[in-house]
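I am opening this notebook to record what I looked up in the structure, entry by entry. Each term gets its cut-off where I use it for the first time.

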Amino acid sequence: MRLFIAVKVEPAIASEIARWLAKVNIPGKKVSPENFHLTLCFLGERPESEVLQLNKILLKTLSDFNSFSLSFKGIGVFPHLKEPRVLYLKIHKGQKDLCLVQEKVAKALPFYKADKSYAPHLTLSRLKENVNQNLAEFISQNEDLEFGEFTVKEVTLFSSDLRAFGPVYKALVNCSLVD
């Protein structure tokens, strides 16, 4: 099964982002609001038998990690403006805490190997090869874009089932952070 560890975006914030997305004309395939998350570790294809072990690792690793506030401000693209593939919301408040959680989880997983350095973000759209919109101008116009703040209270292990209409995510394990 295809697995990843992530922080789910609070529903009220996800709704605000979805309302904004409905009003703007952004290119590419937009992410469904119910799928908004901040990936910590993409694990890829793993045997279903590992879910229990992953649950234990997450519980042990995050048993003393405090909940924290997180907010978004501004948008950006990966890998760069000349060849954008992903349009995303930038993390404003809570980036340091999110990176600490990611680092802790990544170190605790014996089989996890990151293929690039961690760059926390919320994906809004996956872009096609020929983006006709002036993204530099769009990014500049939205540099102060904000959607409120929420408290990150848990980390979740998800399965991802790829379908023709888009991925279907299922929460397998929720690991609460300390209040």
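Entry 1, a serine and its surroundings. I looked up which residues Ser159 touches, taking contact as heavy atoms within 4.5 Å; leaving out residues up to four places away in sequence, I found Met1, Arg2, Leu3, Phe4, Val168, Tyr169, Lys170 and Leu172. Ser159 sits in strand S8, residues 154-163, where helices (H or I, at least four residues) and strands (E, at least two) are DSSP runs, numbered from the N terminus. Ser159 counts as buried because its relative accessibility is 12%, the classes being buried under 20% relative accessible area, exposed over 50% and partly exposed in between, with a 1.4 Å probe and protein chains only.

A note on the source: this is a predicted model, in which local features need pLDDT of at least 70 and side-chain atom pairs count only at pLDDT 80 or more, while totals for chains, interfaces and linings use all residues. Residues are numbered from 1 along each chain as its sequence is written, and side-chain values use heavy atoms, with hydrogens and water left out.

Entry 2, the sheet that holds S8. I noted an open sheet of four strands in the order S3-S1-S8-S9, with antiparallel pairing; two strands pair if DSSP finds at least two bridges between them. The edges are taken by strand S3 (37-45) and strand S9 (166-176), and since each has a single partner strand, one side of each is left without a neighbour in the sheet. From one strand to the next the twist averages 25 degrees, where axes are lines fitted to C-alpha atoms, for helices over the stretch in contact, and angles run from 0 to 180 degrees between N-to-C directions. Strand S1 (residues 2-8) runs antiparallel to S3 and is joined to S3 by seven bridges, and Val7 has Leu38 in S3 as its bridge partner. Helix H2 (residues 51-61) packs on this sheet, touching S1, S3, S8 and S9, with its direction at about 50 degrees to that of S9.

Entry 3, the other sheet I followed. An open sheet of five strands has the order S2-S6-S5-S4-S7, again with antiparallel pairing. Strand S2 (29-30) and strand S7 (146-152) stand at its edges, each with a single partner strand, so one side of each lacks a neighbour in the sheet. Strand S4 (residues 68-78) and strand S5 (residues 86-91) run antiparallel and are joined by five bridges, with Phe78 opposite Val86 in S5. Helix H1 (residues 11-23) packs on the sheet and touches S2, S4, S5, strand S6 (121-126) and S7, its direction making about 155 degrees with that of S7.

Entry 4, helix H3. Which strands does H3 lie across? Helix H3 (residues 95-108) lies across S4 and S5, at about 90 degrees to S4, and also across S1, S3 and S8, at about 20 degrees to S3. H3 has 14 residues and reaches 20 Å from its first C-alpha to its last, close to the 20 Å expected at 1.5 Å a residue, the expected span being 1.5 Å times one less than the number of residues. Its buried residues are Leu98, Val101, Gln102, Val105 and Ala106; seen down the axis of H3, they fall within an arc of 125 degrees, so they line one face of the helix, the arc being that of the directions from the helix axis to the C-beta atoms. These buried residues pack against S1, S3, H2, S4, S5 and S8, whereas the face of H3 turned away from the buried side carries the exposed residues Lys96 and Lys107.

Entry 5, salt bridges. I counted a side-chain nitrogen of Lys or Arg within 4 Å of a carboxyl oxygen of Asp or Glu, and the search of the whole structure gave seven. One of them joins Glu103 to Lys107 at 3.0 Å, N to O; both lie in helix H3, four residues apart, about one turn of the helix. Another pairs Lys93 with Glu149, the closest N and O atoms being 3.1 Å apart. Lys93 lies in the loop between S5 and H3 and Glu149 in strand S7, so this pair ties together parts that are 56 residues apart in sequence. Glu50 forms a salt bridge with Arg46 at 2.8 Å between the closest N and O atoms, and both residues are buried.
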